[in-house]
Amino acid sequence: MSRIAAVHKVLAPYRHDQHEITEIAQASLPGVDPAVLDRLHTAAKVRSRHTVLPLDAYASLDDFGKANDAFISNAVEMGSDAVEGALRTAGIPPDAVDLLMFASTTGMAAPSIDARLVDLLGLRPDVKRLPVFGLGCAAGAAGIARLHDYLRGWPTHVAVLVTVELCSLTFQRDDTSPANLVGSALFGDGAAALVAQGCEAHTRDTAMPPADGDGQVDGPVIVASRSRFYPDTERVMGWDITSDGFHIVLDPGIPGIVRAHLAADVDGFLGDHGLTRRDIGTWICHPGGPKVLDAIAETLDLPDGALDASWGSLAEVGNLSSASVLHVLWDTARRRPPAGTWGLLSALGPGFCAELVLLRW
């Protein structure tokens, strides 16, 4: 088994109350009934969000190139902050990192963002890199799972996952589709990094003492993971990428898919490890939106309060796509679950797919 040594979360610099973003969205979408937009933004149950640019700066992003340039420069800065914070919390120096995985689905870069972080962070020239694009909201959970897979084969290694999602840069001012309106109500900008160690990595010498900080040094072990792809669902969630950028694809039937499949997938996964839902003490779920969280709680028959960390993250920062589940993990770790507590981390994303990760404190 591998162990999560630290999680560090980063938010974009400009914080706005939801009503401020609603006003900007109304001004940017003059063909939309303001009352409809206001209802959608209220129903999202988001109190505030962060953006990487001031709200009045988005009007100048009048083509895909400008928006993507803003993504690259800010993803490097926020990704660097996230990794530095996670390594500092874990007490691991940059030159001890063996694998750097970068995940995002809100911008494109070649060389990829992880390549641009190597020299900036002081990583070794032989560090392995793995950029991941297209998993959307599921990439945070999938990234943890793939780090675990790698560390099973390299048990003395240290692996880092960094996710940066700048959803505000994808907003389309001429798109009055229901999906774009819902997206304008839910998504925010943020990043996160997670440091994981193989079961023998503790034998390494590190030059940096563990920090008393805002992460979780004695984090949970990663026990197992499972991926689930749902056939014939490619148009349920994702992007249509055109000359003017990313157009969101978001099917209103997502909660129905959750209700139809998630319980059986969770039960089968837990059953393979001799567990049931009653054995899970912490539920770390990606806060996709109110309807999705309600569907998860209903189909899994979760006790009251089981998803409080997810609801709290949604309210405070909105849906951060792949970074969100790492923010929820950070919040959960701060509460210091008792030793021996089982946790299930989950996220849904384009495909349509589910990613499940079994943890134990």
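Where is the place of Val76? Let's work through that and a few more exercises together.

This is a predicted model, in which local features need pLDDT of at least 70, side-chain atom pairs count only at pLDDT 80 or more, and totals for chains, interfaces and linings use all residues. Residues are numbered from 1 along each chain as its sequence is written, and side-chain values use heavy atoms, with hydrogens and water left out.

**Exercise 1. Place Val76 and Ala75, and describe their surroundings.**

Step 1. Val76 has its place in helix H3, and Ala75 is found in H3 (residues 64–90) too. Helices (H or I, at least four residues) and strands (E, at least two) are DSSP runs, numbered from the N terminus.

Step 2. Look at burial, where buried means under 20% relative accessible area, exposed over 50%, and partly exposed in between (1.4 Å probe, protein chains only). Val76 is buried because its relative accessible area is 16%. Ala75 is buried with a value of 0%.

Step 3. List the contacts (heavy atoms within 4.5 Å). Leaving aside neighbours within four places in sequence, Val76 is in contact with Ile113, Arg116, Leu117 and Leu120. With the neighbours within four places left aside again, Ala75 touches Ser80, Ile113, Val164 and Leu166.

Step 4. Add two C-alpha separations. Ala75 and Ala103, 28 residues apart along the chain, are separated by 11 Å. For Val76 and Asn180, 104 residues apart along the chain, the separation is 26 Å.

**Exercise 2. Work out the setting of Arg49.**

Step 1. Find its strand: Arg49 lies in E3 (residues 48–51). Both faces of E3 are covered, with Ser48 and His50 buried on one side and Arg49 and Thr51 buried on the other.

Step 2. Find the partner strand. Two strands pair if DSSP finds at least two bridges between them. E2 (residues 14–17) and E3 run antiparallel and are joined by four bridges; His16 stands opposite Arg49.

Step 3. Check the charge. A salt bridge is a side-chain nitrogen of Lys or Arg within 4 Å of a carboxyl oxygen of Asp or Glu. Lys and Arg count as positive and Asp and Glu as negative, while His and the chain ends are not counted. Arg49 is buried yet has no salt bridge, and the nearest side chain of opposite charge, Asp189, is 8.0 Å away.

Step 4. Look for a backbone atom instead. A polar atom of the Arg49 side chain lies 3.5 Å from the backbone oxygen of Ala185.

**Exercise 3. Describe how strands E9 and E10 are arranged.**

Step 1. E9 (residues 237–242) pairs with E10 in the antiparallel sense over six bridges. Together E9 and E10 form a hairpin with two residues between them.

Step 2. Pick out one pair: the bridge partner of Met237 is Leu250 in E10.

Step 3. Consider cover. Five of the six residues of E10 (residues 245–250) are buried, leaving this strand mostly covered.

**Exercise 4. Locate backbone features that deserve a second look.**

Step 1. Start from the background: most residues other than glycine have a negative phi, and most peptide bonds are trans.

Step 2. Find the cis bonds. One joins Ala110 and Pro111, with omega about 5°; Pro111 is in the loop between E4 (99–104) and H4 (113–121). Another joins Gly351 and Phe352, with omega about -5°, and Phe352 lies in the loop between E12 (342–349) and E13 (353–360).

Step 3. Find positive phi values. Asp232 has a phi near 60°, is found in the loop between E8 (221–229) and E9, and is exposed because its relative accessible area is 75%. Asp301 has a phi of about 55°, sits in the loop between H8 (290–299) and H9 (308–317), and counts as exposed at 64% relative accessibility.

Step 4. Finish at H10 (residues 324–334), a mostly covered helix with 10 of its 11 residues buried. Among them are Trp330 and Asp331. H10 is followed by Arg336, whose phi is positive, near 50°.

**Exercise 5. Relate an annotated domain to the fold.**

Step 1. An unreviewed UniProt entry places the feature "domain: Chalcone/stilbene synthase C-terminal" at residues 223–360. UniProt positions are given in the numbering used here, feature names are shortened, and annotations may be inferred rather than shown by experiment.

Step 2. Over residues 223–360 the chain is 36% helix and 30% strand, and the end C-alpha atoms are 7 Å apart.

Note on methods:
Polar contact = N/O pair within 3.5 Å; in protein donor to acceptor, adjacent residues only side chain to side chain.
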